[in-house]
Amino acid sequence: MSFSFVGIDHIQLAIPEHGEAEARQFFGQILGWQEIPKPDILRKRGGMWFQCGSQQVHIGIQKDFVAATKAHPAFYVKNLDQFRQYLEASGIHPIEGETVAGTKRFYLFDPFGNRLEFLESL
């Protein structure tokens, strides 16, 4: 083969119409991700983009929105236990995940019901 995959550029999560303020509060303020500018040609669609480590998370507006309650992105976190304590102090209650293949993990749902996974290698 003359091609190979090198990684993931971004993932996209959907939110309902008029959810931008709540998304900025959750992803930008609570999770601490930096919002980055969308290209001018895409701004009219609404939503926003965030930087998460070396990848991007794009938040897009979806008419007839249905939350992704099973399919989900997983984010590596350094100091996962401290992150969990921070979330709990912010009123967010993570859902315990099993330790699998040398990683500990937990899940939570964003304000729109999308499932998110956070993990750290042991």
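## Surface, layout and two odd backbone angles

The accessible surface of the protein chain adds up to about 7900 Å², and carbon and sulfur atoms account for 53% of that. Keep in mind that this is a predicted model. Part of the surface is a nonpolar patch of about 500 Å², put together by M1, F3 and F5. Of these, F3 sits in the segment before β1 (10–15).

As for the overall layout, the protein chain has three helices and eight strands, and walking along the sequence you get β-α-β-α-β-β-β-α-β-β-β. Along the principal axes, the C-alpha atoms take up a box of roughly 50 × 40 × 25 Å. Of the 122 residues in the protein chain, 40% are buried. Take the contacts between residues at least 6 apart in sequence: 53% of them link residues at least 24 apart.

On the charge side, the protein chain carries 12 positive and 14 negative charges, and their mean positions lie 4 Å apart.

Now for the backbone. D64 isn't a glycine, yet its phi is positive, and N79, also a residue other than glycine, has a positive phi too. Here's how the two look side by side:

| Residue | Phi | Place | Relative accessibility |
|---|---|---|---|
| D64 | about 55° | loop between β4 (55–61) and β5 (74–76) | 73% |
| N79 | near 65° | loop between β5 and α3 (80–89) | 39% |

Exposed means over 50% relative accessible area, so D64, at 73% relative accessibility, counts as exposed. N79, at 39%, counts as partly exposed.

Definitions and conventions
Residues numbered from 1 in each chain as written. Predicted model: local features only at pLDDT ≥ 70, side-chain atom pairs only at ≥ 80, totals over all residues. Heavy atoms only, no water. Patch = residues over 30% accessible without salt bridge, like charges linked within 9 Å, V, L, I, M, F, W, Y side chains within 5 Å. Areas by Shrake-Rupley, 256 points an atom, 1.4 Å probe, with all protein chains shown as cover. Salt bridge = Lys/Arg side-chain N within 4 Å of Asp/Glu carboxyl O. Helix = DSSP H or I, 4+ residues; strand = E, 2+ residues; numbered from the N terminus. Buried < 20%, exposed > 50% of the residue type's maximum accessible area, 1.4 Å probe, protein only. Contact = heavy atoms within 4.5 Å. Lys, Arg positive; Asp, Glu negative; His and termini not counted. Charge placed at Lys NZ, Arg CZ, Asp CG, Glu CD.
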